[in-house]
Amino acid sequence: MRNIPIPVDVHRLRFTCVKAARPRVVDQDTGKIKTDKEGNKIYESVLLAEDELGRIELVKVGTSGQPPIAPGQDVVPTAMVGYVWEIPQNGASRWGISYKATSIVPVSGIPAGEQSA
């Protein structure tokens, strides 16, 4: 299967951070963290995506480096793309879509932890 990036039109969706970014572990036994081509850690954030009709989906979005977001913040993923993946398992196939963004920033423009009361 070819891995062709599918652009996501984020302007038609509203995103809310549900779970703070965590490094993506590629090997549970060793604890090895996934890195990009430049050696930066890949972080995964869990976002709630809501469309114009109120339909909701939870998505994990990977970024190079830790995004400055916190749970509850409305956020915007930049240059978000999806990749279809498929894994043979027990004579059948599992498949899904993984998401990646250049960055994820708060809608307010104020990084997490710097908000005034």
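**Pocket, sheet and core**

The β6 strand supplies the largest share of the lining of the largest pocket, 6 residues. Strands here are DSSP runs of E with at least two residues, numbered from the N terminus. A pocket is an open set of points on a 1 Å grid over the protein atoms alone, where a 1.4 Å probe fits, with protein on both sides within 12 Å along at least five of seven lines; lining residues have an atom within 4 Å of a point. The model is predicted, so local features need pLDDT of at least 70 and side-chain atom pairs pLDDT 80 or more, whereas totals for chains, interfaces and linings use all residues. Residues are numbered from 1 along each chain as its sequence is written, and side-chain values use heavy atoms, with hydrogens and water left out.

In total, 24 residues line the largest pocket, and R24, K34, E44, S98 and Y99 lie nearest its centre. Four strands each give at least two residues to this lining: β5 (42-50), β6 (56-64), β8 (81-89) and β9 (92-100).

These four strands also belong to an open sheet of 8 strands, whose order is β1-β8-β9-β6-β5-β2-β7-β10 and whose pairing is mixed. Its edge strands, β1 (6-7) and β10 (103-106), each pair on one side only. Two strands pair if DSSP finds at least two bridges between them.

The pairing may be followed from β2 outward. Strand β2 (residues 14-23) runs antiparallel to β5, and 7 bridges join the two; P23 has Y43 of β5 as its bridge partner. With β7, β2 shares 2 bridges, again in antiparallel fashion, and T16 is partnered by D74 of β7. Strand β7 in turn is joined to β10 by 4 bridges and runs antiparallel to that strand; here the bridge partner of V75 is P106.

Which side chains of β7 (residues 74-78) are buried? V75 and P77, which point to one face, are buried (under 20% relative accessible area, 1.4 Å probe, protein chains only), while D74, V76 and T78 point to the other face and are not.

V75 also belongs to the largest nonpolar core, a group of 12 residues that includes F15, C17, L47, I69 and I104. Such a core is a set of buried Ala, Val, Leu, Ile, Met, Phe, Trp, Tyr and Cys residues joined through side-chain atoms within 4.5 Å. To this core β2, β5 and β6 each supply at least two residues. Beyond its neighbours within four places in sequence, V75 is in contact (heavy atoms within 4.5 Å) with F15, T16, C17, L47, I69, I104, V105, P106 and V107.

Key
Buried < 20%, exposed > 50% of the residue type's maximum accessible area, 1.4 Å probe, protein only.
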